[in-house]
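Q: Please take a close look at one part of this model, the largest pocket and the elements around it. What lines the pocket, and what is found in the parts of the chain that surround it?

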Amino acid sequence: MPCPIETRAVRRDSQNMLIAFNKPFGVLSQFTDKGTEGSPRQTLSDFIDLPGVYPAGRLDRDSEGLLLLTDDGRLQSRIADPRHKTEKTYLAQVEGLPKPDALEAFRKGLDLKDGRTRPAKVKQVEAPEGLWERDPPVRYRKTVPDCWLEVGLREGKNRQVRRMTAAIGHPTLRLIRIRIGDWSLDDLAPGTWQEVAR
C-alpha cells in the first residue's frame, strides 16, 4: 500500500527548490513505472506531489534513504554528475565480519567488471540507533554474523556499494544512503520529504 503523500507548505517564488526525500525500500527513483505490465511498482509520485522537480541522481529500488530532487537543472547536474565528485555516504549492513585487509582493499579500489573503482572510504560502525524496520525484513542467517559499514564514494557506478562489498566477500543485506555532499538524511522518516537549503 502506498503511504499517504507527504504534504508540506512549500513557498514557490523565483528561488529554485531542493527537497530531501527518504526513499523507502521497493520504491523506484522516478515518477512513472515504465517497466513490464502487471503489478504496478511504487514510484516517487506515490509520495511527492510537486510539479517540476526531478531526482538529482538515482537510488536503486532495493536501496533506501536520501534522494534529492530539484527543479534547478544546474544544481541537478552538480549533485548527480560524477565529474563533480560529490561524496555520497551509505550505511551498508553486510554478511560476515570483514577483516582489516579486506577493508584496506576496499579503500584502495577494487576491480569490477566495468573497471577499477576509485579510492573509497569505509569503516565498520555500530548498528544505527533508532533505525526504522524494513518492509520486507532483511533475511538473517543464524549461523552467519553481520555488521554495518559506513561507505563514502565519489563516483557512481551501477550498484557500486553492493558490488564492492560482494567483491571483498561480504554481500550487502541492506543499504541506506545517509548523506549527499552537504545534505544529510538526519531524522527524516521513510516516505517523507522536506525542503532543504541549497
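A: What follows starts at the pocket and then moves outward to the elements around it and to other parts of the chain. The model is a predicted one.

The largest pocket has a volume of about 400 Å³. It is lined by 24 residues, and those closest to its centre are Arg58, Tyr90, Gly156, Lys157 and Arg177. Four elements, namely helix H1 (73-80), S4, H3 and S9, each supply at least two residues of this lining. By class, the lining holds ten charged, eight nonpolar and six polar residues.

Helix H3 is one of these four elements. It runs over residues 160-167, and Gln160, Val161, Arg162, Met164 and Thr165 in it are buried. An α-helix has 3.6 residues a turn, so residues three or four places apart point the same way. Within H3, Gln160 and Met164 are both on the buried list, and so are Val161 and Thr165. The cover over the buried residues of H3 includes strand S4 (88-95), helix H2 (100-108), strand S5 (111-112), strand S8 (146-153) and strand S9 (172-180). S4 and S9 thus appear both in this cover and among the elements that supply the pocket lining.

The backbone on either side of H3 deserves a note. Most residues other than glycine have a negative phi, and most peptide bonds are trans. Arginine 159, in the loop between S8 and H3, has a positive phi of about 50° although it is not a glycine. The side chain class of this residue does not settle its exposure: arginine 159 counts as partly exposed because its relative accessible area is 32%, which falls between the limits of 20% and 50%. Just after H3, glycine 169 also takes a positive phi, of about 85°.

Strand S4 can be followed through one of its residues, threonine 89. Threonine 89 counts as buried because its relative accessibility is 8%, and the limit for buried is under 20%. Leaving aside neighbours within four places in sequence, threonine 89 is in contact with Glu150, Val151 and Gly152, and also with Ile176, Arg177, Ile178 and Arg179. Arg177, one of these contacts, is also among the residues closest to the centre of the pocket.

Isoleucine 178, another contact of threonine 89, also gives a long distance across the model. Its C-alpha atom is separated by 26 Å from that of lysine 113, with the two positions 65 residues apart along the chain. Lysine 113 is found in the loop between S5 and strand S6 (115-116). It counts as exposed because its relative accessible area is 89%.

Apart from the pocket, the model has one cavity of 30 Å³ or more. This largest cavity has a volume of about 50 Å³. Its lining consists of Glu95, Arg139, Tyr140, Arg141, Val144, Pro145, Asp146 and Leu173. By class, that lining has four nonpolar and four charged residues, and no polar ones. Glu95 of this lining falls in S4, which spans 88-95.

Further features lie in other parts of the chain. A cis peptide bond joins aspartate 135 and proline 136, with omega about 5°. Proline 136 has its place in the loop between strand S7 (121-125) and S8. The charged end of arginine 134 sits over the ring of phenylalanine 25, 4.0 Å from the ring centre.

A search of the whole structure finds one aromatic pair. Its members are phenylalanine 21 and phenylalanine 47, tilted at 45° between the planes and 5.6 Å centre to centre. The pair links distant parts of the chain, 26 residues apart: phenylalanine 21 is in strand S1 (residues 18-23), and phenylalanine 47 is in the loop between S1 and strand S2 (54-55). Both phenylalanine 21 and phenylalanine 47 are buried.

Strand S1 also comes up at the other end of the numbering. Valine 196, in the segment after S11, is in contact with Leu18, Ile19, Ala20 and Trp183, leaving aside neighbours within four places in sequence. Valine 196 and methionine 17 are 179 residues apart in sequence, yet their C-alpha atoms are 8.1 Å apart in space.

Methods
Residues are numbered from 1 along each chain as its sequence is written. This is a predicted model: local features need pLDDT of at least 70, side-chain atom pairs count only at pLDDT 80 or more; totals for chains, interfaces and linings use all residues. Side-chain values use heavy atoms; hydrogens and water are left out. Buried means under 20% relative accessible area, exposed over 50%, partly exposed in between (1.4 Å probe, protein chains only). Contact means heavy atoms within 4.5 Å. Rings of Phe, Tyr and Trp (its six-membered ring) pair if their centres lie within 6.5 Å; planes under 30 degrees apart count as stacked, over 60 as edge-to-face and the rest as tilted. A charge sits over a ring if NZ of Lys or CZ of Arg is within 6 Å of the ring centre and within 35 degrees of the ring normal. On a 1 Å grid over the protein atoms alone, a cavity is a set of points where a 1.4 Å probe fits but cannot get out, and a pocket is an open set with protein on both sides within 12 Å along at least five of seven lines; lining residues have an atom within 4 Å of a point. Grid points are joined across faces, edges and corners, and a volume is the space filled by probe spheres set on the points. Ala, Val, Leu, Ile, Met, Phe, Trp, Tyr, Cys and Pro count as nonpolar, Asp, Glu, Lys and Arg as charged, and the others, Gly among them, as polar.
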